[in-house]
Amino acid sequence: MTSTLLMQIQHCIRLWLLAESESWSVAIEDISLRKKKCRNHGKKLNHILHDFPYRKYRSYNERKASRSGVPLHIVSAFYTSRIGKEKYQNTLQTSTHQAAAFVIARRALGFTEWYEPEKSKSKRMNANIGIRS
């Protein structure tokens with residue numbers, strides 16, 4: 001077992017012990033990698049996607065939640081990184097990943113975040129010259 005995986009397991013155990021002792025709830029992303037696994041992203045990314053044990057991670061958290069009585073919220077991962085980066089990274093002075101975690105926590109609490117993705121440059125350019133895409 002690699003030291004990184006061992007550290008992640010220890011962190012997860014500490015998280016559940018803390019959540020149980022403080023009567024907190026836990027929120028995780030609902031990640032579906034099925035669509036991404038169907039496409040060819042290159043050798044390195046394909047290896048990462050196929051080795052990612054998300055199903056085991058989710059079932060572990062569901063088991064821990066049911067055994068300990070800690071509420072588990074599974075929220076959509078849709079645009080969490082972009083919303084976190086654009087809305088909260090500068091005001092909270094955090095990394096993009098921490099800002100995305102903040103968005104996940106807000107979703108677990110019932111807040112909604114609206115994100116309007118920018119149109120691609122080519123569509124804007126095509127619109128300027130009258131070509132429909």
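The accessible surface of this protein comes to about 10,800 Å². Carbon and sulfur atoms account for 56% of that area. Keep in mind that this is a predicted model. The protein has 133 residues, and 20% of them are buried.

Now the fold. There are seven helices and two strands. Reading from the N terminus, the order is α-β-α-α-α-β-α-α-α. What about contacts along the chain? Take those between residues at least 6 apart in sequence. Of these, 61% join residues at least 24 apart.

On to the interior. Which residues build the largest nonpolar core? There are eight: C12, W16, A19, V26, I28, Y54, A65 and V70. Three elements each supply at least two of these residues: α1 (3–22), β1 (26–30) and α4 (54–68). Helix α1 gives the largest share, three residues.

Look at V26, a member of this core. Leave aside residues up to four places away in sequence. V26 then touches L15, W16 and A19 on one stretch of the chain, and V70, P71, L72 and H73 on another. Three of those partners, W16, A19 and V70, are fellow members of the core.

There is also a second core, separate from the one just described. That core has five residues, including Y88, A99, V103 and Y115. Hold on to Y88; we come back to that residue shortly.

Next, the outside. L5, I9, I13 and L17 make a nonpolar surface patch. The patch covers about 330 Å². One of its residues, I13, sits in helix α1. Is I13 buried, partly exposed or exposed? Its relative accessible area is 39%, so I13 counts as partly exposed. Recall that α1 also supplies three residues to the largest core. Helix α1 therefore holds core residues as well as the partly exposed I13.

Aromatic rings now. A search of the whole structure finds two aromatic pairs. One is F78 with Y79, and the geometry is edge-to-face. The ring centres are 4.3 Å apart, with 65° between the planes. How exposed are these two? F78 counts as exposed, at 55% relative accessibility. Y79 is partly exposed, with a relative accessible area of 24%.

The other pair is Y88 with F102, again edge-to-face. Here the centres are 4.9 Å apart and the planes meet at 70°. This pair links distant parts of the chain. Y88 belongs to helix α5 (residues 80–92), F102 to helix α6 (residues 96–108). The two residues are 14 apart. Y88 is the residue we met in the second core. Y88 is buried, at a relative accessible area of 14%. F102 is partly exposed, at 32% relative accessibility.

Last topic: charges. How many salt bridges does the structure hold? Four. I will take some of them in turn.

Start with D30 and R58. The closest N and O atoms of this bridge are 2.9 Å apart. This bridge also spans distant parts of the chain. D30 is in strand β1, R58 is in helix α4, and 28 residues separate them. D30 is partly exposed, with a relative accessible area of 39%. R58 is partly exposed too, at 25% relative accessibility.

R58 has another partner, E62. In this bridge the closest N and O atoms are 3.1 Å apart. Both residues lie in helix α4, four residues apart, which is about one turn of the helix. E62 is partly exposed, with a relative accessible area of 35%.

Put these together. D30, R58 and E62 are linked in a network of salt bridges. R58 takes part in the bridge to D30 and in the bridge to E62. Note the elements as well: β1 and α4 carry this network's D30 and R58, and β1 and α4 each supply at least two residues of the largest core.

Then there is E113 with R106. Their side chains meet in a salt bridge at 2.5 Å, N to O. Are these two residues buried or exposed? E113 is buried, and R106 is buried too. Compare the network, where D30 is partly exposed, R58 is partly exposed and E62 is partly exposed.

To recap: the largest core draws on α1, β1 and α4. The Y88 and F102 pair links α5 with α6. The D30 and R58 bridge links β1 with α4.

Note on methods:
Residues are numbered from 1 along each chain as its sequence is written. This is a predicted model: local features need pLDDT of at least 70, side-chain atom pairs count only at pLDDT 80 or more; totals for chains, interfaces and linings use all residues. Side-chain values use heavy atoms; hydrogens and water are left out. A nonpolar core is a set of buried Ala, Val, Leu, Ile, Met, Phe, Trp, Tyr and Cys residues joined through side-chain atoms within 4.5 Å. Buried means under 20% relative accessible area, exposed over 50%, partly exposed in between (1.4 Å probe, protein chains only). Contact means heavy atoms within 4.5 Å. Patches are made of residues with over 30% relative accessible area and no salt bridge: like charges are joined within 9 Å, nonpolar side chains (Val, Leu, Ile, Met, Phe, Trp, Tyr) within 5 Å. Accessible areas come from the Shrake-Rupley method with a 1.4 Å probe; for residues, only the protein chains shown count as cover. Rings of Phe, Tyr and Trp (its six-membered ring) pair if their centres lie within 6.5 Å; planes under 30 degrees apart count as stacked, over 60 as edge-to-face and the rest as tilted.
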